[in-house]
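Reader: I keep hearing about aromatic rings pairing up in proteins. Could you walk me through some, one step at a time?

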Amino acid sequence: MTAAVAVAIFGAAASIAIAAAAIGSASAQGKAAAAAMDATWRQPEAANDVRTSMMLALVFMEALTLFVFALIFVLNGTVAGAAR
Amino acid sequence: MNPLFLAAEGAAEHSDIIFVIPGINLPVTSAVTTMWGVMLLLFAIAFIGTRHLQIVPRRRSQALVEFIVDGLMSFLGTVIGKKRARQFLPILASFFLFILFSNYSGLLPGAGHVRGLRQPTSNWGVTAGLAGIVFTLVLFYGIKERGFSYFAHMFQPIYLAPLLVPLGLIEELVRPFALSLRLVANMFGGETVVLALLMAVPYFLPIIPMALEIIFGAIQAFIFTFLTAIYLSTAVEEAHH
């Protein structure tokens, strides 16, 4: 297998991995944001508390996609090194 | 050459050593000089803003500093309580301002291309250092305020201790890892998106992700401070069962 093919396969795999992680994070964040908006609408005086806890929840979901992103960069170096 | 490889090579530590401090043999990179710039700026703001303090601020610089401190104080007060917010305000405000200015330094013209100017927070070494400070502070304040009962939650039902001790230790170690990776991945990700768009459409289109970077830079500085505040306050407060 030539280096170019290896890099191409890695690129395709990385795109799919990021996309899969993003789908999960996005749907979870959407649910959390929707629930927070519901709560704010029902009880506008609690808006600040809801916003704070929503932010905290969103951060942890977002981190999962970013872990995949970081992992791809680590693997990127390995693949580029092996392909040379 | 794909943008991913270019970005990864540009981010490599050894590629942009500006000079080496003799004696201790410490290489100084563009990220380090940018951090020095950020520090100088913050020192200057703090110095100018706190000269000839007045009870009712008549100078804009004092009003600006009071605005920043008051805003952070009232926000942290709602999250971890007034007393703890007052106690931890110096370190939390430093984190917030340093990360905010570091994130925004990546938006300056020429950042990443000019020698000596590069966004420090898109470098894992920098954020890992910040998260290491948080890790040390959490352990220090937890043990200082609560003694070794800080570790008591790992032994709560004693028969589960063989399971809970490794889990508790992993949790302690994963926190700084996630904290640093969240910041660096966001900042580096933004940089990579701008770079990729720059290669596809050199004019106008990269403005959109750069504008988003203004929002993300503030949000990430805020998130880092927020999580640090929560970690510190849960470390010093007794667990309520």
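Author: Sure. Let's start with a word we'll need: a residue is buried if its relative accessible area is under 20%. Keep in mind that this model is predicted.

Reader: Okay, so why is Phe188(B) called buried?

Author: Its relative accessibility is 11%, and the cut-off is under 20%, so Phe188(B) counts as buried. Phe73(A) comes out at 15%, so Phe73(A) is buried too.

Reader: What makes Phe73(A) and Phe188(B) an edge-to-face pair?

Author: Two checks. Ring centres have to lie within 6.5 Å, and here they are 4.8 Å apart. Planes over 60 degrees apart count as edge-to-face; these sit at 70°, so the name fits.

Reader: And how do you know that this pair joins two chains?

Author: Look at where each ring lives. Phe73(A) is in helix α2 (residues 47-83) of chain A, while Phe188(B) is in helix α6 (residues 161-200) of chain B, so the pair joins two chains.

Reader: Why are Tyr150(B) and Phe151(B) called edge-to-face?

Author: Same recipe: the centres are 5.1 Å apart and the planes are at 70°, so edge-to-face it is.

Reader: Which of the words buried, partly exposed or exposed goes with Phe151(B)?

Author: At 23%, Phe151(B) counts as partly exposed, because buried needs under 20% and exposed needs over 50%. Tyr150(B), at 4%, is buried.

Reader: How many aromatic pairs are there over all chains?

Author: The count is 13. Some ring pairs link up into a cluster: Phe67(A), Trp124(B) and Phe177(B).

Methods: Residues are numbered from 1 along each chain as its sequence is written. Chains are lettered from A and ligands numbered from 1 in the order in which they are written. This is a predicted model: local features need pLDDT of at least 70, side-chain atom pairs count only at pLDDT 80 or more; totals for chains, interfaces and linings use all residues. Side-chain values use heavy atoms; hydrogens and water are left out. Rings of Phe, Tyr and Trp (its six-membered ring) pair if their centres lie within 6.5 Å; planes under 30 degrees apart count as stacked, over 60 as edge-to-face and the rest as tilted. Helices (H or I, at least four residues) and strands (E, at least two) are DSSP runs, numbered from the N terminus. Buried means under 20% relative accessible area, exposed over 50%, partly exposed in between (1.4 Å probe, protein chains only).
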